[in-house]
Amino acid sequence: MPDGTEVSPLQAARNAEFESVALPLLPYVARVARAIVRDASDAEDLVQETFLRAYRQWHSFQPGTDCKRWLSQICRNLMVDAKRKALRETPTPDEELEALSAADAHITAMAAGVGDMYARMDLGPAILAAIAGLEPVFKEVVVLSDIEDLSYDEIAARLSIPIGTVRSRLFRARRRLQEELVEYARDAGYHQTKP
Amino acid sequence: MTPEASVINYTCDEIVARLWPHLDGALPESERRRVVLHLEGCTACRSHVDYAREFLHAVREARPGAETDDALQRRVLAALQGEGFRNQS
């Protein structure tokens with residue numbers, strides 16, 4: 001709703017464009033922020049900072065390009081800025097060896113008696129907490145892949161890393177999430193109900 | 001490798017190494033077909049893939065809701081107004 005404050009025609013046009021293109025994407029930005037920040041209040045701060053930066057830099061947005069992607073990039077850049085000191089490049093492990101751990105996660109879960117937990121437990125909050133607790137380099141690939149639904153190629157391009165590194169980080173990230181969830185299910189007293 | 005898979009191109013280790021790219025739809029078609037062929041005959045690998053698929057499904061189901069958060073929107077709009085933004089509609 002207009003509030004009656006005088007603005008120049010140029011600024012009015014800018015506001016109208018921002019309102020129609022960027023603001024409708026607030027739920028999407030909130031979803032991204034809530035996936036990468038553990039604390040709900042911090043996530044809301046991140047959403048607010050994202051839109052403030054987006055508004056200040058609206059002149060750099062190219063009309064007709066993907067605003068979702070542009071906002072997501074701002075959101076993640078802000079997160080990286082905030083955690084730059086903690087952000088360390090993790091050496092890429094041997095990809096093949098890492099990949100083999102995908103089966104180990106299942107074997108570990110079965111041995112712990114929680115092999116069917118995904119079908120029988122509400123793990124939503126535990127999953128989001130586990131994602132938020134990942135190291136930044138692992139969290140960003142999980143968010144891009146499993147929250148934003150980007151392909152490996154798109155993630156590699158977005159992060160300027162080789163596709164093999166995308167795969168490797170995703171393997172490791174998912175393995176860590178699976179380990180956390182096995183611990184969570186065991187701590188919750190869950191026991192498998194089928195052989 | 002399990003006996004039932006021994007006649008198929010990929011070994012079980014090769015299948016497991018492709019587990020996530022397979023579920024993510026990131027394998028070239030030729031590799032995808034070989035993985036599917038192996039899975040049809042290997043219960044062990046199939047159980048690993050099923051478990052991984054359930055995990056991915058749970059992660060995607062856990063995604064924060066996309067519903068509009070009215071309180072958050074009001075807060076963002078108030079902050080934007082401090083920057084000179086004014087609703088045009």
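Which residues does A:Ala33 touch, not counting residues up to four places away in sequence? Hello everyone, let's start right there. The partners of A:Ala33 are A:Ala43, A:Leu46, A:Val47 and A:Cys75. Please keep in mind that we are looking at a predicted model.

Now let's step back and look at chain A as a whole. Chain A has ten helices and zero strands, and 36% of its 195 residues count as buried. If we take the contacts in chain A between residues at least 6 apart in sequence, 74% of them join residues at least 24 apart.

So where does A:Ala33 fit in? The largest nonpolar core has 67 residues, and A:Ala33, A:Val47 and A:Ile127 are those with the most contacts inside it. You may remember A:Val47 as one of the residues that A:Ala33 touches. Helix α10(A) gives the most to this core, with eight residues. The core lies between domain 1 (9-82) and domain 2 (95-187) of chain A, because both of them give residues to it.

Let's follow A:Ile127 next. A:Ile127 belongs to helix α7 of chain A, residues 124-132, where A:Ala126, A:Ala130 and A:Ile131 are buried as well. These buried residues are on the same side of α7(A), because they cover an arc of only 135° around the axis. And what covers them? From chain A, the cover includes α2 (26-36), α8 (136-147) and α10 (163-187), and chain B adds α4 (43-61).

Before we go over to chain B, one more stop in chain A. Find A:Ala105, in helix α5, residues 95-111. Is A:Ala105 buried or exposed? A:Ala105 counts as buried, because there are 23 C-beta neighbours inside 10 Å, and the cut-off for buried is 20 or more. Leaving aside neighbours within four places in sequence, A:Ala105 is in contact with A:Arg175, A:Gln178 and A:Glu179. Take A:Arg175: it is 70 residues from A:Ala105 in sequence, yet the two are 6.5 Å apart in space, C-alpha to C-alpha.

On to the partner chain. Chain B has five helices and zero strands, and buried residues make up 29% of its 89 residues. For contacts in chain B with a separation of 6 or more, residues 24 or more positions apart account for 62%.

How many residues does each chain bring to the contact between them? Chain A brings 49 residues and chain B brings 39. On the side of chain B that touches chain A, α1 (12-17), α2 (19-23), α4 and α5 (70-81) each supply at least two residues. Helix α4(B) gives the most to that side, with eleven residues, and α4 of chain B is the helix we met a moment ago among those covering the buried residues of α7(A). The residues on that side of chain B divide into 19 nonpolar, nine polar and eleven charged.

Finally, a word on confidence. The model scores ipTM 0.70 and pTM 0.65. In chain B the mean pLDDT is 82, with 83% of residues at 70 or more. Helix by helix in chain B, confidence is highest in α2(B), at a mean of 93, and lowest in α5(B), at 85. Over residues 1-8 of chain B, though, pLDDT stays under 50, and the model has 16 contacts beyond four places in sequence for that stretch.

Thanks for listening, everyone!

How values were computed
Residues are numbered from 1 along each chain as its sequence is written. Chains are lettered from A and ligands numbered from 1 in the order in which they are written. This is a predicted model: local features need pLDDT of at least 70, side-chain atom pairs count only at pLDDT 80 or more; totals for chains, interfaces and linings use all residues. A residue is buried if 20 or more other C-beta atoms lie within 10 Å of its own, exposed if 12 or fewer, and partly exposed in between; C-beta atoms are placed from the backbone. Helices (H or I, at least four residues) and strands (E, at least two) are DSSP runs, numbered from the N terminus. The arc is that of the directions from the helix axis to the C-beta atoms. Two residues are in contact if their C-beta atoms, placed from the backbone, lie within 7 Å. A nonpolar core is a set of buried Ala, Val, Leu, Ile, Met, Phe, Trp, Tyr and Cys residues joined through C-beta atoms within 7 Å. Domain bounds come from an automatic or database domain assignment. Ala, Val, Leu, Ile, Met, Phe, Trp, Tyr, Cys and Pro count as nonpolar, Asp, Glu, Lys and Arg as charged, and the others, Gly among them, as polar. pLDDT is the predictor's confidence in each residue, from 0 to 100.
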